[in-house]
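Colleague: Please take a close look at the site around the ligand. What surrounds the ligand, and which residues line the largest cavity?

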Amino acid sequence: MFSLIKPFIFKIDPEAAHNLAIKSLKYNFLPEDVFKVDNEIILETKIFNTKIKNPIGLAAGFDKSAEVYNSLFKFGFGLIEVGTVTPKGQYGNPKPRVFRLERDKGLINRLGFNNDGLEKVSKRLKNNSPSGFLGINIGPNKDSKNRIEDYLKCIKEIYPFADYITINISSPNTPGLRDFHNESTLQNLLKNITEFTKKNNIQKPLTLKVSPDIAENEIGYTIELIKKFKIKGVIISNTTDKNRENLTGIHKNEIGGLSGEPLSKISNNLIKKFYREIKGEIPIIGVGGVSSGLTAYEKLKSGANLLQLYTGMIYEGPGIVKKIKAELIDILKKEKIKNVSEIVGTGS
Ligand SMILES: Cc1cc2nc3c(=O)[nH]c(=O)nc-3n(C[C@H](O)[C@H](O)[C@H](O)COP(=O)(O)O)c2cc1C
């Protein structure tokens, strides 16, 4: 079905196509059965002591303002991350700001945290409880005078609705945000967050979403700080502002974050590096270029406990989750694996 309408969708501006998708998903008309696969039990896994049906998640950025997560759960995702949500609603960068790189199976975006803001988003979450495992990704407003305060405001307001909260320090489209990857800046952010959650008795798993562009020497202290401040998971990775050389699409030099297939190897390599040091102590959510059973398998073997995807769904449509699950189940069966968690890190 998607292959029939794809040529028409791809004639529309990418952001307009996305808005159209959100509008239609608001009707929540999809029958769940369409996206079911057999023998999914082999994919059942655990995160933060909760069982989930499968490790395939939707990455942050698709449902930025938490409008359609329950429709999206029907596609078969084991987890969905909404956001990035900022304290105040904001428009983001001027349009156009999303670019398809069709031949590269990639995308460049410089949206800049466009979202409806904390108040509207928490109202939606309150009135429509999620039918699956839901993460909420938070970040600061572009014009904020105190970015740490912004993270705290978000945590305080949305924690009752989240199964986990992602501290997003890695979007390349909010100037200066990635400075939070510096050792002392990260230490200060995580210290403030820990003190705040302790003081307010907020006990929600927190994850940190990192950039794929961090240097080798930043990995060690990032892991140390994650452990020190009891961050429960690390999401690897956000989009890259590098790796344009081998792209063929005409938009390859647009400013913004690159996602999809051209990010796959970069994120896998970083996952491997984190996994070798973390040794399974802290779950890794692997993101970047997941679009098939094989790419999912490779990411899990690199060390990811769970996966997320976004760009793959643009190219493959809503059937992508079903396709990945069926292909992954096939691979696991051929390898006589009993449960998907057995392969995590075996190729790191
Ligand atoms: C259009 C678009 C918007 C995104 N917005 C966000 C965002 O708001 N917050 C965030 O943490 N990541 C955001 N991302 C990054 C994705 O969550 C993901 O980390 C990245 O796209 C790599 O995965 P993929 O190759 O499967 O797309 C966005 C990605 C895209 C393509």
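Modeller: The answer below treats the ligand and then the largest cavity.

This is a predicted model, in which local features need pLDDT of at least 70 and side-chain atom pairs count only at pLDDT 80 or more, while totals for chains, interfaces and linings use all residues. Residues are numbered from 1 along each chain as its sequence is written, and side-chain values use heavy atoms, without hydrogens and water.

The ligand is surrounded by 24 residues (a heavy atom within 4 Å), and the closest are Ala60, Lys64, Thr84, Gly260 and Thr311. By class, this shell holds eight nonpolar, 14 polar and two charged residues (Ala, Val, Leu, Ile, Met, Phe, Trp, Tyr, Cys and Pro are nonpolar; Asp, Glu, Lys and Arg charged; the others, Gly among them, polar).

Polar contacts (N or O pairs within 3.5 Å) involve oxygen atoms of the ligand. One such distance is 2.6 Å, to an N or O atom in the side chain of Thr311. Polar backbone atoms lie at 2.8 Å in Gly289 and at 3.0 Å in Ser237. Of the 600 Å² of accessible area that the ligand has on its own, the protein covers 97% (Shrake-Rupley method, 1.4 Å probe).

The largest cavity holds about 80 Å³ of space (on a 1 Å grid over the protein atoms alone, points where a 1.4 Å probe fits but cannot get out; lining residues have an atom within 4 Å of a point; the volume is that filled by probe spheres on the points). Its lining comprises Lys105, Gly260, Glu261, Gly289, Val290, Ser291, Thr311, Gly312, Tyr315 and Glu316. Helix α10 (residues 311–316) gives the largest share, four residues (a DSSP run of H or I, at least four residues).

Definitions and conventions: A polar contact is a pair of N or O atoms within 3.5 Å; within protein, one must be able to donate a hydrogen and the other to accept it, and residues adjacent in sequence count only if both atoms are side-chain atoms. On a 1 Å grid over the protein atoms alone, a cavity is a set of points where a 1.4 Å probe fits but cannot get out, and a pocket is an open set with protein on both sides within 12 Å along at least five of seven lines; lining residues have an atom within 4 Å of a point. Helices (H or I, at least four residues) and strands (E, at least two) are DSSP runs, numbered from the N terminus.
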